[in-house]
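Here is a short briefing on the structure shown below. It takes the protein contact first, then the strands, then the DNA.

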Number of protein chains: 2
Amino acid sequence: MSTPLNAEMFDDPDCSDRAQPFRVGDKWTGMVLRCLEGGPRRFSELRVPLHWVTPKVLTETLRSMERNGFLTRTVHDENPPRVEYELTALGRSLLEPLDTACDWARTHLPEIVEARTAYEAG
Amino acid sequence: MSTPLNAEMFDDPDCSDRAQPFRVGDKWTGMVLRCLEGGPRRFSELRVPLHWVTPKVLTETLRSMERNGFLTRTVHDENPPRVEYELTALGRSLLEPLDTACDWARTHLPEIVEARTAYEAG
DNA sequence: CAGTATCCTAGGAGATACTG
DNA sequence: CAGTATCTCCTAGGATACTG
């Protein structure tokens, strides 16, 4: 809930792009989902593990997820401003298929790497 | 195995793009997987349900899947040429998480549509 | 039949800078 | 803090035409 997110949680080079044959929605939705499964987070908190996403793109991702009903955006009327993003029941339900996909990727990644090497070899 | 693929199997407008928040690899991999789960298929057979994919893109998709070890491409030395695409064990194993994702989408699509309407309204 | 070969475009994504 | 505002770029994807 209040433990800070790990800055390196998505830095693993094995996670890169094509190695992960699954995607949820756009490029970042899956990672945002993961970031929010422990409870509500602020914009700046999300930017820590997602440090290679520009604020513009992160905003777009969050808006899209909000529009799909995956999360809620709550503006607390304070100064400095505080905005919290929290998964809805629908968004939370997405975690299940996401886990299935991630488990698959983790299990079969070596086979994919091997297949590519074989393919490249000719 | 030999029953022809349904030409409309992907024509459902509800399947369009963003409504389906999951993707496997690129845009067409998931559909090719579905096409091949019943057994090997020829290029022209695949083009039937995938009739809005150009041959160039379908070729790219198939090559990519072959490279990842999801399917094999077998050229039978005949005239006219016959080429068959068939899932490997790895490709077949992908069907499980794919099903999970599709089940989720089917179940929750109404909620997403509803959320969007609500978002647009206000 | 099973593809290539070319050319072209839309839009997802990034870099950079600024603001209530 | 939590975003906007611009500008730019790349490439997945498509249209069209041709071939061993």
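Chain A and chain B are linked by 2 salt bridges, a salt bridge being a side-chain nitrogen of Lys or Arg within 4 Å of a carboxyl oxygen of Asp or Glu. In one of them, R67(B) pairs with E120(A), with the closest N and O atoms 2.6 Å apart. This is a predicted model, in which local features need pLDDT of at least 70 and side-chain atom pairs count only at pLDDT 80 or more, while totals for chains, interfaces and linings use all residues. Residues are numbered from 1 along each chain as its sequence is written, chains are lettered from A and ligands numbered from 1 in the order in which they are written, and side-chain values use heavy atoms, with hydrogens and water left out.

**Where chain A meets chain B**

- The contact (heavy atoms within 4.5 Å) takes 28 residues from chain A and 28 residues from chain B.
- The two chains bury about 2600 Å² between them, and 63% of that is on carbon and sulfur atoms. Buried area is the accessible area (1.4 Å probe) that two parts lose on being put together, summed over both.
- Within chain A, the residues that lose the most area to chain B are R67(A), W104(A) and Y119(A). Together they make up 23% of what that side buries.
- Across this interface, 9 residue pairs are in polar contact, both residues being at pLDDT 80 or more. A polar contact is a pair of N or O atoms within 3.5 Å; within protein, one must be able to donate a hydrogen and the other to accept it, and residues adjacent in sequence count only if both atoms are side-chain atoms.
- On the chain A side, at least two residues each come from β1 (22–24), α3 (55–67), α4 (89–93) and α5 (95–121). Helices (H or I, at least four residues) and strands (E, at least two) are DSSP runs, numbered from the N terminus.
- The largest share of that side, 12 residues, comes from α5(A).
- By class, the chain A side has 13 nonpolar, 6 polar and 9 charged residues. Here Ala, Val, Leu, Ile, Met, Phe, Trp, Tyr, Cys and Pro count as nonpolar, Asp, Glu, Lys and Arg as charged, and the others, Gly among them, as polar.

**Strands**

- β1(A) and β1 of chain B (residues 22–24) run antiparallel and are joined by 3 bridges. Two strands pair if DSSP finds at least two bridges between them.
- In that pairing, F22(A) stands opposite V24(B).
- Chain A has an open sheet of 3 strands in the order β2-β4-β3, with antiparallel pairing. Its edge strands, β2 (41–42) and β3 (71–76), each pair on one side only.
- 2 bridges join β2(A) to β4(A), and 6 bridges join β3(A) to β4(A).
- E84(A) in β4(A) stands opposite R42(A). E84(A) is also the bridge partner of T74(A).
- β3(A) and β4(A) form a hairpin, with 5 residues between them.
- Chain B has an open sheet of 3 strands in the order β2-β4-β3, also with antiparallel pairing. There, R42(B) stands opposite E84(B) in β4(B).

**DNA strand D**

- 20 residues surround DNA strand D, and those that come nearest are S44(A), R63(A), R73(A), Y85(A) and K56(B). A residue is near a strand if one of its heavy atoms lies within 4 Å of it.
- Of the strand D atoms within 4 Å of the protein, 66% belong to sugar or phosphate and the rest to bases.
- Phosphate oxygens of strand D lie 2.6 Å from a polar side-chain atom of S44(A) and 2.5 Å from one of Y85(A). For V83(A), a polar backbone atom is 3.3 Å from a phosphate oxygen.
- α3(A) gives the largest share of the surface near strand D, 4 residues.
- This surface divides into 9 nonpolar, 3 polar and 8 charged residues.

**DNA strand C**

- 19 residues surround DNA strand C, and the closest are K56(A), S44(B), R63(B), R73(B) and Y85(B).
- Sugar and phosphate account for 67% of the strand C atoms that come within 4 Å of the protein.
- Polar side-chain atoms lie 2.6 Å from a phosphate oxygen of strand C for S44(B), 2.5 Å for R63(B) and 3.3 Å for K27(A).
- The largest share of the surface near strand C, 4 residues, comes from α3(B).
- Its classes are 8 nonpolar, 3 polar and 8 charged.
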